[in-house]
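Q: I'd like a close look at a single part of this structure, plus enough background to see where that part sits. Please take me through it step by step.

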Amino acid sequence: MHRKVAANGNEAIANAMRIANPDVCGAYPITPATEIMQRFTTFVSNGKVKTEMVLAESEHSAMSACIGAAAAGGRVATATSSQGMALMWEMLFIASGLRLPIVMGMANRALSAPINIHGDHSDGMGARDCGWIHLYCENAQEAFDNMLMAFKLAEHMDVRLPVMVGMDGFITSHAIQTMEWIDDETAANFIGEYKSTNPLLDIKNPVSYGPLILADLYMEYRKAQEHVMSGVPKVVLDIAKEFEQISGRKYGLFEEYRLDDAEVAIVVMSSAAGTTKEIIDQFREKGIKVGLLKPRLFRPFPYAEVGEALKHLKAVAVLDRADCFGGSHGPLYVDIASALYNYAQRPVLINKIFGLGGRDYMPDHAEYVINELLQITKDGKVKSVKEYIGVRE
Amino acid sequence: MAENMEIRWHGRGGQGTVTAAKVFADACLSGGRHVQAFPEYGPERAGAPLRAFNRISDRELRLHCPVMNPNIVVVVDATLLDSIDIAAGVPDDAAFIINSSKDPKELRAKLHAKPSQRVFTVDATKIAVDTIGRPMPNATLVGALTKVSGLITIEAAMSDVEKSFGKKFSRKIIEGNIEATKRGYEEVLEG
C-alpha cells in the first residue's frame, strides 16, 4: 500500500498537491520551485486532477488569483521561492487577513542582491509575520507529509488560515532520497472534502470580502486573528495524531532528538537538522550529552513548549540559515531567546549564522558548534553571542 | 563493500552524469536500501565540470551535504584528470572508475593511487558510440559501477536503465542504453 520510492522534494510536494486535487492553482515559475509546478501542470494536462490552472504573469498575480479563487469557495494551492515569495509579500497579508486556507509549497532560497538561486531561509523568514502558518521540512518525506497535513490544517474549521510548507532549495527540492508515498485514496480521505465558508459564488447569501475597517474595529479584528493563531498548535497536534494512523510517522510542533538528558543542544531547522543528528550520535558514542531541537511549526511559534523543552540545558546554540540585518541576531535565535527569557534558570544561548546562499553545512560545522557549547559549560565564557560559521577567510 | 557507500561523480555538463547518479540510486532501492542522488548545481552549461553524489545505506540517510570521502569515484570525462583533483578526500580503500581507453595501470600511475586503492577503466565513450550511436557514456558507467560496487545485480541495473530512459527516448535508444550498461559491466578493467 505504501510504496517506497526515490524522489526529490519538488516531486513530493507536487504529488501531495495532486492528491489534494485543488479547484484552482495560480502560479508563476521560479527556481528551485519551478519543478513543483512543472510536475503539477503535467498532472493537470493529463487529467489527473480537475484543477483550473491560472498561469499568471507574476507571483503577485499568482497569489491574487489564489486569493480570488479561495474567496470564491475553492480549495487552492500554489508554490514559490525567493524573489517570487518577495513579490507576493503584499498579497500574503491579504490571504491571511481574509482567513483564506491557501496552501503553498516553498523551496526556500536566498534573496537578491547579489542574485543567488541556492537554499537559505531568507524568503520564509521575510514572510515570518504575514499571518500565515509556517511548517518546515528536513527532507522529501517530511515535505510530502507536511504538505498533506497543510491542507487539513489550513481548511480546519478552527483555523481557516493559509499555510506555507518550506523545504531547503536544491538540498531538499532537487535531491533524490528514499521516501514513502501514501496511497492516493488513503491520503485523499485523510485530507477530506473541501468545505467552503462564506463563498463569494454563493449568490443566495451574498458576502463582502476585504471591506474597509477603520480605527473603530480594526484592532478587534487583529485581536481575533491573533486568537485564531493561538489555537493553531492544538490543531497541528490533532492532525499529526490522525496522520500517524495512516503513515506510522510521528510529528509534533517540533522534533526533539536525544534532548531529554542532554546538557547542550543545537536548535536548527530543515535539512541541516539531519546532518546535525549524525554528529550528535558521534558525540553520544563518546558519552557526551548533546541533543537537538528542530522546529517544525515555525508560525505560530510554540514558545511555551519550546521553553519547557530547552530550559534544563546548560548551553544552546541556535543556527539560523538567514540573518536579520541591523545588528540583531538571526530570526530563530530571537524566538528561542523569547521562549527562554522568563525562566529564572536558563541555558547560555549563542547564535550561528550558516549556509547562506547555498553554502554547504558540513559535519565539521556541527562539530565545531558542539565543541564550543561544551567549552561554555566548562568555563562559562562566551567568545561572541553571534558568529558566521563556514565563512571563507 | 561497506554497508554505507558514498560515490562521487565527476563529469561535464551534457554527459548525463546526473541522470546516471539518479538511475543508480533508483536501482539500489531494491532490498529496502536508503539512497540519495544529488548534483552540485552551478552554472549549468554544456562542457562545464560538475559533480554529482550518491549515498547508499542500510540505514536512514540523514546527511544532507556533499560527499567528502567517497568510497568510489566515477570519472565520466578523463580530461578532468588534468584540471580537477578527483582524488580529494578519498580513503585508502577507495575505488576509481575512469572513462578511458587507456590501460588502468597507466591511470593508476597518473593518479598516484595507493596500492590499497583500486583503479578501473572502461572505454565508455566508444561503447556508447557502438551501442547508442552517440558519445553518451553514462549508461556504460552505471554498468561499470554496478560491477565495482557489488551492490546490485546487472539485471537490476539494466531494468532500471530501461525504466528511467523509457520515459524520454525511443525504443532504439533504450535498447542501446541497456546494451551499453551490460557492456560497461562486462568490459570494465582493473589494473
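A: Let's start with two words we'll need all the way through: a helix here is a DSSP run of H or I with at least four residues, a strand is a run of E with at least two, and both are numbered from the N terminus. By that count, chain A has 13 helices and 15 strands. Chain A's radius of gyration is 21 Å, close to the 21 Å that the globule rule gives for 393 residues, so chain A is as compact as a globular protein of that length. Keep in mind that this is a predicted model.

A little more on chain A before we zoom in. Its C-alpha trace spans about 70 × 55 × 45 Å along the principal axes, and 59% of its 393 residues count as buried. Take the contacts in chain A between residues at least 6 apart in sequence: 80% of those join residues at least 24 apart. As for its surface, chain A exposes about 16300 Å², with carbon and sulfur atoms supplying 53% of that.

Helix α6 (residues 140-155) of chain A gives you two residues to look at, and D145(A) is one of them. D145(A) counts as buried because its relative accessibility is 0%, and the cut-off for buried is under 20%. Setting aside neighbours within four places in sequence, D145(A) is in contact with I182(A), F243(A), R249(A) and Y251(A). F151(A) also has its place in helix α6 of chain A, and F151(A) is buried with a relative accessible area of 0%. If you skip residues up to four places away in sequence, F151(A) touches a list of residues that includes A16(A), M17(A), R75(A), V103(A) and I191(A). Try finding P101(A) too: P101(A) and F151(A) are 50 residues apart along the chain, and their C-alpha atoms are separated by 7.8 Å.

Now over to chain B, where our chosen part lives. Chain B has 6 helices and 7 strands, and along the sequence they follow the pattern β-α-β-β-β-β-α-β-α-α-α-α-β. A compact globule of 191 residues would have a radius of gyration near 16 Å, and chain B's 15 Å agrees with that. The C-alpha trace of chain B spans about 40 × 40 × 35 Å along its principal axes, and 56% of its 191 residues count as buried. Chain B carries 25 positive and 24 negative side chains, and the centres of those two sets lie 3 Å apart.

Next, the sheet. It is an open sheet of 9 strands with mixed pairing, in the order β1(A)-β8(A)-β2(B)-β3(B)-β1(B)-β4(B)-β5(B)-β6(B)-β7(B). The edge strands are β1 (4-7) of chain A and β7 (189-190) of chain B, as each pairs on one side only. For an antiparallel piece of the sheet, look at strand β2 (residues 34-39) and strand β3 (residues 49-57) of chain B, which pair over 6 bridges. There, Q36(B) has R55(B) in β3(B) as its bridge partner.

Here's the close-up: strand β5 (residues 95-99) of chain B. In the sheet order, β5(B) comes between β4(B) and β6(B). On one side, strand β4 (residues 72-75) of chain B pairs with β5(B) in the parallel sense over 4 bridges. Within that pairing, V75(B) has I98(B) in β5(B) as its bridge partner. On the other side, β5(B) and β6(B) are also parallel, over 5 bridges. You can trace this pairing through A95(B), which stands opposite R118(B) in β6(B), and F96(B), which stands opposite V119(B) in β6(B).

So which way do the residues of β5(B) point? A95(B), I97(B) and N99(B) point one way from the strand, F96(B) and I98(B) point the other way, and all are buried. Since 5 of the 5 residues of β5(B) are buried, this strand is largely enclosed by the rest of the structure. Its partner, strand β6 (residues 118-122) of chain B, has 4 of its 5 residues buried, so it is largely enclosed too. Put it together and you have β5(B) largely enclosed by the rest of the structure, with parallel pairing to β4(B) and to β6(B).

Definitions and conventions:
Residues are numbered from 1 along each chain as its sequence is written. Chains are lettered from A and ligands numbered from 1 in the order in which they are written. Side-chain values use heavy atoms; hydrogens and water are left out. The radius of gyration is taken over C-alpha atoms; the globule rule is 2.2 Å times the number of residues to the power 0.38. Buried means under 20% relative accessible area, exposed over 50%, partly exposed in between (1.4 Å probe, protein chains only). Lys and Arg count as positive and Asp and Glu as negative; His and the chain ends are not counted. The place of a charge is taken as NZ of Lys, CZ of Arg, CG of Asp or CD of Glu. Two strands pair if DSSP finds at least two bridges between them. Contact means heavy atoms within 4.5 Å. Accessible areas come from the Shrake-Rupley method with a 1.4 Å probe; for residues, only the protein chains shown count as cover.
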